[in-house]
Amino acid sequence: MHWLLRLGRDQRGNSLVESSLVFLVLMMTLIFVIDMGRMLMIQQFINERVRQTARKASVNNWSATQVKNYLVYGSADTTVQTAPGRLGLLPSQVTYATLGTSGTSNYRVQVKVSGVPAVLFIPKLAGHYTLPSVVATGALSFFSSGFRP
């Protein structure tokens, strides 16, 4: 019984254990915040590139190759490329379609990015994931589609 009383009063090493637990929680929180911030930055970058590409494609009346190259590499070059571009995007992950009837007000361009891989480093969630698809639609102007009043 005497050793239990002495054990309850002995505080040596408590600060080391408490500090290590606080440090562990702090590091896990920091890793989580950094990793989620990185994922949100990648998703926002792709959203903005798709929106900007759809707008420029609708104004300039680009082909599918030009749209893919602009979104992935930042240049509307007409040469077919296969190397990874910004943030590892590939032209094969980009789809381009025109919607509606040519020469009418419902003629639109649609740009979609899908199948973008992402890697998480958060413990217990670490692994390879695929980001959700991003779609943007832009109205083609009458003048770029060949319509003249």
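Helices and strands here are runs assigned by DSSP, with at least four residues for a helix and at least two for a strand, and they are numbered from the N terminus. With that in hand, we can take a tour of this structure, which is a predicted model.

**The overall plan**

The protein chain contains 3 helices and 5 strands. If you follow the sequence from its start, these elements appear in the pattern α-α-α-β-β-β-β-β. Among the 149 residues of the chain, 25% count as buried. The accessible surface comes to about 9,900 Å², and carbon and sulfur atoms make up 63% of it. Contacts also link distant parts of the sequence: of those with a separation of 6 or more, 47% are between residues 24 or more positions apart.

**The nonpolar core**

Which residues touch the most other members of the largest nonpolar core? They are I46, V50, L71, L89, V111, V113 and L131, out of 23 residues in that core. The elements giving two or more residues to this core are listed here.

| Element | Residue range |
|---|---|
| α2 | 14–60 |
| α3 | 64–73 |
| β2 | 108–113 |
| β3 | 117–120 |
| β5 | 134–139 |

Helix α2 supplies the largest share of the core, with 6 residues. L131 gives you a good place to zoom in: leaving out residues up to four places away in sequence, L131 touches M39, I42, Q43, I46, V116 and A118.

**A closer look at Q93**

Now find Q93, which lies in the loop between α3 (64–73) and β1 (94–99). Is Q93 buried or exposed? Its relative accessibility is 10%, and buried means under 20%, so Q93 counts as buried. The side chain of Q93 reaches the backbone nitrogen of L90 at 2.9 Å. Beyond residues up to four places away in sequence, Q93 touches G88, K112, V113, S114, G115, V116 and P117. One of these, V113, is also among the core residues that touch the most other members.

**A nonpolar patch on the surface**

Nonpolar residues can be found on the outside as well. F23, M27, L30 and I34 form a nonpolar patch on the surface, and together they have about 390 Å² of accessible area. F23 sits in helix α2, the helix that also gives the largest share of the core. Why does F23 count as exposed? The cut-off for exposed is over 50%, and F23 has a relative accessible area of 51%, so F23 is exposed.

Note on methods: Residues are numbered from 1 along each chain as its sequence is written. This is a predicted model: local features need pLDDT of at least 70, side-chain atom pairs count only at pLDDT 80 or more; totals for chains, interfaces and linings use all residues. Side-chain values use heavy atoms; hydrogens and water are left out. Buried means under 20% relative accessible area, exposed over 50%, partly exposed in between (1.4 Å probe, protein chains only). A polar contact is a pair of N or O atoms within 3.5 Å; within protein, one must be able to donate a hydrogen and the other to accept it, and residues adjacent in sequence count only if both atoms are side-chain atoms. Contact means heavy atoms within 4.5 Å. A nonpolar core is a set of buried Ala, Val, Leu, Ile, Met, Phe, Trp, Tyr and Cys residues joined through side-chain atoms within 4.5 Å. Patches are made of residues with over 30% relative accessible area and no salt bridge: like charges are joined within 9 Å, nonpolar side chains (Val, Leu, Ile, Met, Phe, Trp, Tyr) within 5 Å. Accessible areas come from the Shrake-Rupley method with a 1.4 Å probe; for residues, only the protein chains shown count as cover. A salt bridge is a side-chain nitrogen of Lys or Arg within 4 Å of a carboxyl oxygen of Asp or Glu.
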